[in-house]
Amino acid sequence: MTFADADTIMTMIGETIPDLTGDLPVWARNLAYRLACLHRPHHAELLRAAGADLYFHGPDWDDHAEELRRRADELDSSAG
């Protein structure tokens, strides 16, 4: 996963945790989304998906999730 491109990472996430409850450990899910976001920092849909996933890891991650959602909203508003 470390050297995979964003499409490969997102395919792996989709196949491994399609409903956000799969068998992938929390740390691996975080890593997968972080790597994908590094590849595509301006991809609003990806940022939203990463933020939504963070909400499943407890309230300690809520601020990070909100920041990802805010960045995605900014990207959408600047594109329109």
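**Figure 1. Salt bridges of R70 within helix α4 of the predicted model.** R70 is partly exposed, its relative accessible area being 37%. Its side chain meets that of E67 in a salt bridge with an N to O distance of 2.4 Å. E67 and R70 are separated by about one helical turn, because they stand three residues apart in helix α4. E67 is itself partly exposed, at a relative accessible area of 34%. R70 also forms a salt bridge with E74, in which the closest N and O atoms are 2.2 Å apart. Here the partners are four residues apart in helix α4, again about one turn of the helix. E74 counts as partly exposed, with 43% relative accessibility.

**Figure 2. The salt bridge between D76 and R48.** The two side chains meet at 2.6 Å, N to O. This pair links distant parts of the chain, with D76 in helix α4 and R48 in helix α3, 28 residues apart. Both residues count as partly exposed: D76 has a relative accessibility of 38%, and R48 one of 32%. In the whole structure, a search finds seven salt bridges.

**Figure 3. Surroundings of H57 in the loop between α3 and α4.** H57 is buried, since its relative accessible area is 16% and the limit for burial is under 20%. The side chain of H57 makes a polar contact, at 3.1 Å, with the side chain of D53. Beyond its neighbours within four places in sequence, H57 is in contact with V26, R29 and N30.

**Figure 4. Helix α2 and the elements that cover its buried residues.** Helix α2 comprises 14 residues, from 26 to 39. From its first C-alpha to its last, the helix reaches 20 Å, close to the 20 Å expected at 1.5 Å a residue. Its buried residues are A28, R29, N30, A32, Y33, L35, A36 and C37. Among the elements covering them are α1 (residues 6-16) and α3.

**Figure 5. Position of A52 in helix α3.** Helix α3 spans residues 44-54 and includes A52. A52 is partly exposed, with a relative accessible area of 31%. The C-alpha atom of A52 is separated by 13 Å from that of V26, which lies 26 residues away along the chain.

**Figure 6. A nonpolar surface patch made by M1, W27 and L31.** The area of this patch is about 330 Å². M1 lies in the segment before α1 and counts as partly exposed, at 39% relative accessibility.

Technical notes. Residues are numbered from 1 along each chain as its sequence is written. This is a predicted model: local features need pLDDT of at least 70, side-chain atom pairs count only at pLDDT 80 or more; totals for chains, interfaces and linings use all residues. Side-chain values use heavy atoms; hydrogens and water are left out. Helices (H or I, at least four residues) and strands (E, at least two) are DSSP runs, numbered from the N terminus. Buried means under 20% relative accessible area, exposed over 50%, partly exposed in between (1.4 Å probe, protein chains only). The expected span of a helix is 1.5 Å times one less than its number of residues. Contact means heavy atoms within 4.5 Å. A polar contact is a pair of N or O atoms within 3.5 Å; within protein, one must be able to donate a hydrogen and the other to accept it, and residues adjacent in sequence count only if both atoms are side-chain atoms. Patches are made of residues with over 30% relative accessible area and no salt bridge: like charges are joined within 9 Å, nonpolar side chains (Val, Leu, Ile, Met, Phe, Trp, Tyr) within 5 Å. Accessible areas come from the Shrake-Rupley method with a 1.4 Å probe; for residues, only the protein chains shown count as cover. A salt bridge is a side-chain nitrogen of Lys or Arg within 4 Å of a carboxyl oxygen of Asp or Glu.
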